[in-house]
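Work through the exercises below with the structure in view. Each task is followed by its solution.

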Amino acid sequence: MSQTPALPDPAHRWRCGGCGNLTRFDVTRTRRTQEFWHFDLAGEHAVESVEVLGEDVESVSCRWCGRSDAIETVARSDADLASDPS
């Protein structure tokens with residue numbers, strides 16, 4: 001069973017080892033947030049700030065080939081842009 005990859009940081013990105021995709025992934029995640037909601041006099045609200053208190057990535061799959069067992073985290077500088085099928 002493969003491990004779900006963590007969200008990439010600014011120096012890394014995901015890559016599908018199956019088809020080479022670098023740009024399109026289906027991601028299921030759970031976030032716990034604290035938000036500041038501002039209501040106007042008509043009762044409509046706008047979210048003015050969001051603080052992420054916790055986040056779990058449940059699954060990542062390639063949008064092109066559908067594989068979830070081949071998603072890897074690579075350095076942005078190591079990504080082969082020419083092989084991306086998009």
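**Exercise 1: Trp37 and the nonpolar patch**

Trp37 has a relative accessible area of 41% and is therefore partly exposed (buried is under 20%, exposed over 50%, partly exposed in between, with a 1.4 Å probe and protein chains only). The model is predicted: local features need pLDDT of at least 70, side-chain atom pairs count only at pLDDT 80 or more, and totals for chains, interfaces and linings use all residues. Residues are numbered from 1 along each chain as its sequence is written, and side-chain values use heavy atoms, without hydrogens and water.

Task: State which residues make the nonpolar surface patch, and which strand gives the most to it.

Solution.
1. Trp37, Phe39, Val47, Val50 and Val52 make a patch of about 440 Å² (nonpolar side chains of Val, Leu, Ile, Met, Phe, Trp or Tyr joined within 5 Å, each residue with over 30% relative accessible area and no salt bridge).
2. Strands E2 (25-39) and E3 (45-62) each supply at least two of the patch residues (strands are DSSP runs of at least two residues, numbered from the N terminus).
3. Trp37 lies in E2, while E3 gives the most, with three residues.

**Exercise 2: Aromatic pairs**

Task: Find how many aromatic pairs there are.

Solution.
1. Ring centres of Phe, Tyr and Trp (its six-membered ring) must lie within 6.5 Å; planes under 30 degrees apart are stacked, over 60 edge-to-face, the rest tilted.
2. The count is two aromatic pairs.
3. Trp14 and Phe25 are edge-to-face, at 5.6 Å centre to centre and 70° between the planes. This pair links distant parts of the chain, Trp14 in strand E1 (residues 12-16) and Phe25 in strand E2, 11 residues apart.
4. Trp37 and Phe39 are tilted, at 6.1 Å and 45°.

Notes:
Patch = residues over 30% accessible without salt bridge, like charges linked within 9 Å, V, L, I, M, F, W, Y side chains within 5 Å. Areas by Shrake-Rupley, 256 points an atom, 1.4 Å probe, with all protein chains shown as cover. Salt bridge = Lys/Arg side-chain N within 4 Å of Asp/Glu carboxyl O. Helix = DSSP H or I, 4+ residues; strand = E, 2+ residues; numbered from the N terminus.
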